Amino acid sequence: GAAVKLSEQELEEYKGPINYISHHGVIQDSVTTPLRIVTNRSLEYGTWSLNAFLTRGPNSLNSMLDISLRFRCHEEGMVFDLTKAYNALKTGPVERNLRRFVWRFSPDDEWEDYAFDVVAFGDIPAANFLELGRNMTADVGWEINPVAAKKIKDDSYVDDNVSGGSSEEVKRMK
């Protein structure tokens, strides 16, 4: 999953920057994610928040107008979503320790340290990370299907894609 329990060894040996984030659980009517952890990276821990140190970066999103116009030109349309897209983008030990939180599963348990080891929606540069990850994935798959790879790169907005093609192309891409 997106959150991992930090071992005592990691807690003792890690010497880099540390930040704890606030969080709470949201119960959902969902088979895949019955409990979603919501965090606030803008909440100050001491003097600063995690998002105060992160750079947003340039706007790398595709133009919604361009995507919509291309969609209307296809013989057959298709729509898809990159399920749990942010959870597919792994981060390293520094990012993990900047997203620490405490958790216990019942009031009788001891509090334990956990951390996120993936990009999170609340991180300031998350949208850029997702664009980069999605485009890199399309580049890797270019030789398998250049048409689908181009559609993944050009017809996506965040984790949603509206595209299409001929009936044969859409059938093949499904």
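Q: Two strands pair if DSSP finds at least two bridges between them. What makes E5 and strand E6 a pair?
A: The model here is predicted. In it, four bridges join E5 to strand E6, residues 112-116. The cut-off is at least two bridges, so the two strands pair. They run antiparallel. One bridge sets Val-102 opposite its partner Asp-113 in E6.

Q: Why are E1 and E5 called edge strands of their sheet?
A: The open sheet has three strands in the order E1-E6-E5, with antiparallel pairing. Strand E1 (3-5) and strand E5 (100-103) each have a single partner strand, so one side of each is left without a neighbour in the sheet.

Q: How do you know that strand E4 and strand E8 pair?
A: Count the bridges. Strand E4 (residues 76-81) and strand E8 (residues 160-165) share six bridges, in the antiparallel sense. That meets the rule of at least two, so they pair. Val-79 has Val-162 as its bridge partner in E8. Asp-81 has Asp-160 as its bridge partner in E8.

Q: What makes strand E7 a partner of E8?
A: Two bridges join strand E7 (residues 156-157) to E8, and the two run antiparallel. The rule asks for at least two, so E7 and E8 pair. Ser-156 stands opposite Asn-161 in E8. The hairpin of E7 and E8 has two residues between the strands, and Val-158 there takes a positive phi near 60 degrees.

Q: Why are E4 and E7 at the edges of their sheet?
A: This open sheet of three strands has the order E4-E8-E7, with antiparallel pairing. E4 and E7 each have a single partner strand, so one side of each is left without a neighbour in the sheet.

Q: What makes a stretch count among the helices and strands of this chain?
A: It must be a DSSP run: H or I over at least four residues for a helix, E over at least two for a strand, numbered from the N terminus. The chain has six helices and eight strands. Along the sequence they follow the pattern β-α-β-β-α-β-α-β-β-α-α-β-β-α.

Q: How do you know that the chain is more spread out than a compact globule?
A: Compare two values. The radius of gyration, taken over C-alpha atoms, is set against the globule rule of 2.2 Å times the number of residues to the power 0.38. The chain has 20 Å, well over the 16 Å that the rule gives for 174 residues, so it is more spread out than a compact globule. Its C-alpha atoms fill a box of roughly 60 × 35 × 30 Å along the principal axes.

Q: What makes a residue part of the lining of the largest pocket?
A: It needs an atom within 4 Å of a pocket point; a pocket is an open set on a 1 Å grid where a 1.4 Å probe fits, with protein on both sides within 12 Å along at least five of seven lines. The largest pocket is lined by 29 residues, and Ala-2, Thr-33, Arg-36, Ile-37 and Asn-87 lie nearest its centre. Strand E3 (35-40), E5 and E6 each supply at least two lining residues. E3 gives the largest share, five residues.

Q: Which residues line the second largest pocket?
A: Among them are Leu-82, Leu-130, Arg-134 and Ile-152. Helix H4 (residues 126-140) gives the most to this lining, with five residues.

Q: How are residues numbered, and what limits apply?
A: Numbers start from 1 along each chain as its sequence is written. Local features need pLDDT of at least 70, side-chain atom pairs count only at pLDDT 80 or more, totals for chains, interfaces and linings use all residues, and side-chain values use heavy atoms, without hydrogens or water.
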